[in-house]
Amino acid sequence: MTEKPTMIAFQDVHKYYGDYHALRGITATIRAGEFFSLLGPSGCGKTTLLRTIAGFEGISSGAVMIDGRNMAGVPANQRPTNMVFQSYAIFPHLTVAENVGFGLRKARLPKAELATRVGEALEMVGLKGYGDRAAHALSGGQRQRVALARALILKPKVLLLDEPLSALDKKMREQMQVELIRLQRQVGITFILVTHDQEEALVMSDRIAVMFEGEIAQLADPETLYRRPNSRKVANFIGTMNFLPAEILSEAGGKIEIEAQGFGKLTLEAEQAPGAASGDGAAVGFRPETLTILFEGQTASDRESMAVIEEVVYYGDMTYYDVRLDGTEKPIRISMRNVFGRPVLDIGARTRVAWSPGALVLFQ
Amino acid sequence: MMKGGWFKVYAIGYLLFLYAPIIILPMFAFNDATVIAFPLTGFSTRWFSAMLEQPTLSIAVKNSLFIAVTSSILATTLGIFAARASTRYRFPVKAGIMGLIMLPLVLPEIIVAVSLLVVLLGLGVSLSLWTVILGHVLICTPFCIAILSSAFQSLDQSLEEAAYDLGESAASTFRLIILPLVMPGIISSLLISFTISLDEFIIAFFLAGTEPTLPVFIFSQFRFPQAVPVIMALGTVLVVLSILLLTIAEYFRRRGIAKAGGKDTGGFL
Amino acid sequence: MSAGQRKTRWRDTEAANGLLMVSPTAIYALLMLAAPLGTILLYSFLTDGYLEIIRDFTFANYVEAWTNELYRSVMIRSLGVSMTVTLVTVLLAFPIAYFVSFHVEPSKKSLWLFLITIPFWTSYLIRVFLWKVILGYNGVVNSGLIGIGVIDQPLDFILYNVNSVVITLAHAYAPFAILPIFVALEKIDRSLLEAGQDLGESKFVTFLRVTLPLAMPGVVASVLIVFIPTIGDYVTPQLVGGPEGRMVANLIQLQYLKLDNYPLGSAIAVSAMAIVTLCSVIFVGLNRRYLKGPK
């Protein structure tokens, strides 16, 4: 994959509200045409960061560059960005068409051309023929689409989406996720999405910046983020991660020698420790689906340990087992897809567990 | 609804108590007799025609209309500034500033009247309709702010940001988005402050000098028993008028809330 | 750049904009309200001379206002009337607010509130005068009671005294009392009441232990919003009070417009406001445990 040019660059961006340090030295780049997500818990600064791109928030120090241009002193109404607001901000006193065409007022287009452009924009978001509807008569999903059409009609360089799906119900949300991805590919505009929903970020993004307390904790593509989180905090925020205490024995030539509770002595590749780790207090982490409970007649492809089942949670398509590996103190979670004809094990049963050193991540 | 049965009886009794004067008013306005007492003697519209022939009354009406129109415009303008500031911004000593502005809501009007009187006379300002307006703007502004604040509050801030984001300036955002959405609140505020000013007596009594306003005229007529039936006729007209104005104001207030997509939470106060 | 500088820059934006926006109204209130109130306070310490105010600092006006039998009795009466009116108004208003909040369908609440507020906005003077008609010697009450044979002589204790002042003021301030209580009741999460009953309390005890404490902020607001202005009411005592129903506003008017004694009038006005403020502060203090909690 060829590296795309940079669309947005944050250079050591700080933001204070009085004494509160909301953004603490953000440095990152977002590439042109990328679907980029800012992911984090509420209050982590992700919305503030988005609003510094839009120009709704000034920054205390540092620089925000859009397409190579420093945005200092450029007000929101002159930036090449448009925003889809969390509340959609559909103007309630205007029709759908008036909403969508709102940003074109300044362009003073002939009526016919304006109508064509509005019609195209509405068609793009699947609202063909809705132009004359009153804005307040729309459903949540329809408002969302109007907000998208209204922002995209101006052909911005960057589309900013502030938790756009959080107000929708689960089914609608999943549908809109797919549609947003399709739309982004179709128009090729850089999309920046703010979300607290890790699943949403994983599904939609080319790259994700995970933020905690005003800082970017990790910036990576979804797979790297999921497989090789660089800290326990990131690992815990994205999906479920099991941890077992480990000790680092030696580190040389891109190999790390460790001794982990329940797994014994192991050699890991350097890329399995994306965050710096050394000395005591280290831990190995692994996702619930990287371990497998072995049923009768099955054999492990790599390594195998013994364990006791302590809790069983049945989810229909999945069963979650909390098991305790021999030689460990606390249980770990294993998720198993339920397969026809395979029994769900009982609490207290002893079982064999298959695992692989390659799935482990070393944390400080 | 058996549960609310007794409450409902009480509520209707209470409403009767509230409306008693208003129900009795037209009875005497259309009563033939000069004395305001029961039993009623016969139907007549002569007090209404007598009302139209009162020279002082027409001056008083003109004065009051001038005061009410001017005060309502000024109070609503001041109200827009304060309501916008208090709903949109955090600023130092906000509670103190807003408290001072809202103080006339509870302050007895006579205190407002005498304190203004003392200052105006001290400064050598001669009393006129304008001095009444000064006082009326002061007491109307808190009501305007109460109405306008709810209008501004139901305005989602991201609507402004969206307009700004779509390339409008602060001024054109105000004209295209904010103003149309709070307009019902502004109309309602104008009507309410007009009603308050038109009805206000004490401040006008202290600050109008020799110029009569409608309430001052009414008050002076109470001293003459033979003039009272005319006042009853006048009162009937005023009550009908203010109910009309209030209904319009309430209509706009509700429409404003509905327009901005908000939820109706109550009455004027 | 230090954190301090950053802070100043932030202030430059939001706080400055807010202050700028509020300034026309705030300046108006300062000039037309704060300054005049300050002037009254100042005047109350000056000496009255014939046709002019002498700039001699003195407590004499306060001594006069507080020791003169006439002024003192009017002041005490005003306070008594105000308290009675407040008590009557709030007690009568609570069930109405409760009814509208709990027993009226949501779609009809606005209509009820509108009905309740309408009389409040119609000519105050004429409403007060009509109470004179209702309570008078040949008034509605008397002629009605005679008509149905309950009494054979008109009652004369209902007009031109404190009773008529209380009735008329209670009528005038009714909506003021209802609305704050209504707002407080509306805020109560209905599931709290179900929880109260679920935990084994009767409806009445639930009302006492859950509804009433939660409605107290509204009740306190009602009390203040009725109590403070009523003490300064001029029209009602003037029209229906008779000589023994005069209140402090009539006294102030007398001093200012008839006797031209601004310093004494100011001292009476300041004293009245000081007493009202003190009563209000004590009342709020007594109820402070209800007023805490999340805003």
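This passage describes the cavities found in a predicted model. Rolling a probe the size of a water molecule over the atoms reveals where empty space remains.

In total, seven cavities of 30 Å³ or more were counted. The largest cavity has a volume of about 570 Å³. Its lining consists of 27 residues, and those closest to the centre of the largest cavity are Glu109(B), Phe120(C), Tyr124(C), Tyr173(C) and Phe176(C). Four helices each contribute at least two residues to this lining: H5 (109-122), H6 (129-153) and H8 (170-199) of chain B, and H5 (124-135) of chain C. The largest share comes from H8(B), which provides three residues. By class, the lining of the largest cavity comprises 20 nonpolar, two polar and five charged residues.

The second largest cavity encloses about 130 Å³ of space. Here the lining is made up of 13 residues, of which Leu198(B), Asp199(B), Leu238(B), Ser242(B) and Ser123(C) are the closest to the centre of the second largest cavity. The elements that supply two or more residues to this lining belong to chain B, namely H8, H10 (214-221) and H11 (228-259). H11(B) gives the largest share of the lining of the second largest cavity, with four residues. Eight residues of this lining are nonpolar, four are polar and one is charged. Helix H8 of chain B thus appears in the linings of both cavities, as it is listed for the largest cavity and again for the second largest cavity.

Notes: Residues numbered from 1 in each chain as written. Chains lettered and ligands numbered in written order. Predicted model: local features only at pLDDT ≥ 70, side-chain atom pairs only at ≥ 80, totals over all residues. Heavy atoms only, no water. 1 Å grid on protein atoms, 1.4 Å probe; cavity = no way out; pocket = protein on both sides within 12 Å on 5 of 7 lines; lining within 4 Å. Points joined across faces, edges and corners; volume = space filled by probe spheres on them. Nonpolar A, V, L, I, M, F, W, Y, C, P; charged D, E, K, R; others polar.
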